[in-house]
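User: I'm new to reading protein models and would like to go through this one step by step. Could you take my questions as they come?

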Amino acid sequence: MVASGCGGSAQPQTEPPAAGSTTVTAPATTSTATDPLAGSGTSIVAGAASGTGTALLERVAIGRHEGYDRVVFQFRDDVVPGYRVEYAAPPFAEDGSGDPISVQGKAFVAVRMEPASGFDLNTGEGELVYKGPKRIEGATAGTSVVRELVRTGDFEAVLGWVIGLDEKVDFRVTTAASPPRLIVDFRNH
C-alpha cells in the first residue's frame with residue numbers, strides 16, 4: 001500500500017540568488033484544511049453484509065497515509081460481510097480453542113466479521129482462500145499508530161482480528177466494491 005518512486009526532476013536548473021538576497025516560494029494553500037478522517041470517532045461501528053453467503057477473505061493489508069493508518073480486509077466475489085468494529089480490552093483469546101493471544105499495543109480495536117471466513121467449505125475438500133499471515137506488524141508497513149494486526153479467529157463463519165495501537169485514536173470504517181473491502185482508518189500523527 002506504500003508506493004515510492006525515484007527519478008530526475010524536469011525543473012530547469014537556475015543560478016542561485018545573489019549573496020545577501022533571499023528567495024522564498026510559498027506553497028499554495030486553501031482557506032480550509034481538509035480532515036482526512038472527517039466523521040471519525042471512538043464509538044462502535046457496525047454494518048450489515050452487502051450480499052448473501054459467506055464472505056471469503058483473500059487479503060489483509062496495512063499501510064500509512066497522510067493523516068491516517070489504514071487496515072484493509074479484501075474479500076472474494078462481491079460480498080462484504082456484516083461487521084462490528086470497536087475498542088476492546090485484553091485478554092484476547094482465539095475463537096474455538098480459547099488459547100490466549102497477545103497483541104502489541106496500548107489500545108485495541110476488535111474487528112468481527114460475519115458471515116466470513118478465510119476457508120471456503122463449498123469446494124469438495126475445502127479451499128484455503130486467505131493464505132497470508134495471522135500476525136502482521138505495523139512497522140513492516142511503516143504505520144505510525146498501528147502496531148500489530150492479529151487474527152483471533154476463523155470459526156463457524158465468524159472472522160475476528162484485533163488491531164493493536166500505540167494509543168486510543170479516532171477511527172473510521174468504510175466499505176468498497178470491486179474488489180469488496182472493509183476498510184478501517186486510524187488517525188495518526
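User: What distance, N to O, goes with the salt bridge where the side chains of E114 and R112 meet?

Analyst: Good place to begin, and keep in mind that this is a predicted model. Side chains of opposite charge can pair when their charged atoms come close. A salt bridge needs the nitrogen and the oxygen within 4 Å. E114 and R112 meet that cut-off, with an N to O distance of 2.9 Å.

User: Is E114 buried, partly exposed or exposed?

Analyst: Buried means under 20% relative accessible area, and exposed means over 50%. E114 has 36% relative accessibility, so it falls in between. Its partner R112, at 41%, gets that label too. For E114, then, the answer is partly exposed.

User: How many salt bridges does the structure hold?

Analyst: The pair of E114 and R112 is a salt bridge, and R172 forms another with D185. Counted over the structure, the number is eleven.

User: How far apart are the closest N and O atoms of R172 and D185?

Analyst: R172 sits in strand β14 and D185 in strand β15, 13 residues apart, and the pair links distant parts of the chain. Both R172 and D185 are buried. Their closest N and O atoms are separated by 2.7 Å.

User: Which residues are joined into one network by salt bridges that share partners?

Analyst: Let's start from one pair: R76 and D120 form a salt bridge, with 3.9 Å between the closest N and O atoms. R76 is in the loop between β3 and β4 while D120 is in strand β9, so this pair ties together parts 44 residues apart in sequence. D120 has 8% relative accessibility, so it counts as buried. Salt bridges with shared partners make one network of E58, R76, D120 and E127.

User: Which residues make the nonpolar surface patch of about 300 Å²?

Analyst: One of them is F119, which lies in strand β9. F119 has a relative accessible area of 31%, and a patch residue needs over 30%. The patch is made by F119, L121 and L128.

User: What is the strand order in the open sheet of six strands?

Analyst: Strands of a sheet pair through backbone hydrogen bonds, either parallel or antiparallel. Here the pairing is antiparallel. The edge strands are β1 and β11, each pairing on one side only. Reading across, you get β1-β4-β7-β13-β12-β11.

User: Which residue is the bridge partner of V45 in β4?

Analyst: β1 covers residues 45-47. It runs antiparallel to β4, and three bridges join the two. In β4, the partner of V45 is V85.

User: And what is the bridge partner of E86 in β7?

Analyst: β4 pairs with strand β7, residues 107-114, in the antiparallel sense. Seven bridges hold that pairing. In β7, E86 has as its bridge partner A110.

User: Over how many bridges do β12 and β13 pair?

Analyst: β12 spans residues 146-155 and β13 spans residues 158-165, and they pair in the antiparallel sense. One of the matches is G153 with G160 in β13. The number of bridges for β12 and β13 is eight.

User: How far apart in space are D78 and R181, C-alpha to C-alpha?

Analyst: D78 is in the loop between β3 and β4, and it is exposed, with a relative accessible area of 69%. Leaving out residues up to four places away in sequence, D78 touches S50 and P180. D78 and R181 are 103 residues apart in sequence, yet in space their C-alpha distance is 9.3 Å.

Technical notes: Residues are numbered from 1 along each chain as its sequence is written. This is a predicted model: local features need pLDDT of at least 70, side-chain atom pairs count only at pLDDT 80 or more; totals for chains, interfaces and linings use all residues. Side-chain values use heavy atoms; hydrogens and water are left out. Two strands pair if DSSP finds at least two bridges between them. Helices (H or I, at least four residues) and strands (E, at least two) are DSSP runs, numbered from the N terminus. Buried means under 20% relative accessible area, exposed over 50%, partly exposed in between (1.4 Å probe, protein chains only). Patches are made of residues with over 30% relative accessible area and no salt bridge: like charges are joined within 9 Å, nonpolar side chains (Val, Leu, Ile, Met, Phe, Trp, Tyr) within 5 Å. Accessible areas come from the Shrake-Rupley method with a 1.4 Å probe; for residues, only the protein chains shown count as cover. Contact means heavy atoms within 4.5 Å.
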